Amino acid sequence: MRTNRAALAVIGGSKAYDLLRDNGFGKEEKKEIVKTPYGPAASARLFHGDGYHYWFMSRHGEKGYDTAAAYVNYRANIWALKKLGVERIVSWSGPGAVNPAIAPGDFAVPHDAIDMTRNRASNFFEGTGLGFIRMSEPFCPEIRAAAIAGIAATGAGARDRGVYLCTEGPRLETAAEIKMFGQWGADLVGMTLLPEAFLARQMEMCYAAVCYCTNYAEGVVARDFREGELFEGMLSAAEKEKVEDAVFRFPHVIAETLHRLSRRERGCKCGVAMERYRREGRAGDLLQLAKSCAKKS
Ligand SMILES: [Zn+2]
């Protein structure tokens, strides 16, 4: 499939935006706030990297953690990126470790997911019967490969597989929940990647995540409750330093990943997720279809 190699986007946190802007990894050219059928999307900023462009979107707001994961307007953000012509999304996220072999500050590129969210709009095509999409690879294998190579190019290591479990939040998980998630095969637990990844697939966009582990999940290691601290004592001072190091690698990891993607045409199956419906004449312009579904609901 021929594709526009410039059609790249990064979804990250507010700190991620500051790091991109302040570290000379690309030049910001303009800002767009796309109106969508779901309300305004998070602002998208166009950056010019080394031979490519990409859109950057702050998932939780640009000034800090303004919007908790449960209240992110995932449909608006994905619809907006599709409208801007994006075909491939690299997501940046900091989950906790359910698997004790993953330490705070470690990178992982998950290959599979478990959805334990409860109250999030997760379908663009309500009322149509569309959306019966195979999930053999919920994260794009091409972006995953580029991200794994991109992380390695910065001198860091990355687990090249992992099961990401998404909870509703905003509270953190109980020790009993984490124990159960571990028995299910989850390696990482977070609140942000779903339904974002599923919505991107509905829009036939590639999506994969670079995860940096922010802490051991509850009960994975014994930790006293310390009031007034981040995660109330779940993170030691030495671990915090490692996490900060991973965060500061963000612009470099993203630049290495996007550089690889920009030199490669899309050859995965993400772009034909709705092909069956297209052949039946039921899925033409996906943005328009989603818009008409939103009007009816
Ligand atoms: Zn793909």
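Which strands does helix 3 lie across? Keep that in mind while we go round the fold. One caution before we start: this is a predicted model.

Start with the whole chain. It has 297 residues. The program assigns nine helices and 15 strands. The C-alpha trace spans about 55 × 40 × 30 Å along its principal axes. Is that a compact chain or an extended one? A compact globule of 297 residues would have a radius of gyration near 19 Å, and this chain has 18 Å, so the two agree. Buried residues account for 45% of the chain.

Now the contacts. Take those between residues at least 6 apart in sequence. Of these, 83% join residues at least 24 apart.

Next, the sheet. Eight strands form an open sheet with mixed pairing. Read across, the order is 2-5-6-1-7-14-9-11. Which strands stand at the edges? Strand 2, residues 27-32, and strand 11, residues 158-159. Each has a single partner strand, so one side of each has no neighbour in the sheet.

Look inside the sheet at strands 1 and 6. Strand 1 covers residues 8-12, and strand 6 covers residues 53-58. They run parallel, joined by five bridges. Here is one pair to find on screen: glycine 12 has serine 58 in strand 6 as its bridge partner.

Back to the opening question. Helix 3, residues 141-153, lies across four strands of the chain: strand 7 (88-93), strand 9 (107-108), strand 11 and strand 14 (206-212). The helix runs at about 35 degrees to strand 14. Strand 11 is one we have met already, at an edge of the sheet.

Terms used
Residues numbered from 1 in each chain as written. Predicted model: local features only at pLDDT ≥ 70, side-chain atom pairs only at ≥ 80, totals over all residues. Pairing = 2+ DSSP bridges. Helix = DSSP H or I, 4+ residues; strand = E, 2+ residues; numbered from the N terminus. Contact = placed C-beta atoms within 7 Å. Axes fitted to C-alpha atoms, helices over the stretch in contact; angles between N-to-C directions. Rg over C-alpha atoms; globule rule 2.2 N^0.38 Å. Buried ≥ 20, exposed ≤ 12 C-beta atoms within 10 Å, placed from the backbone.
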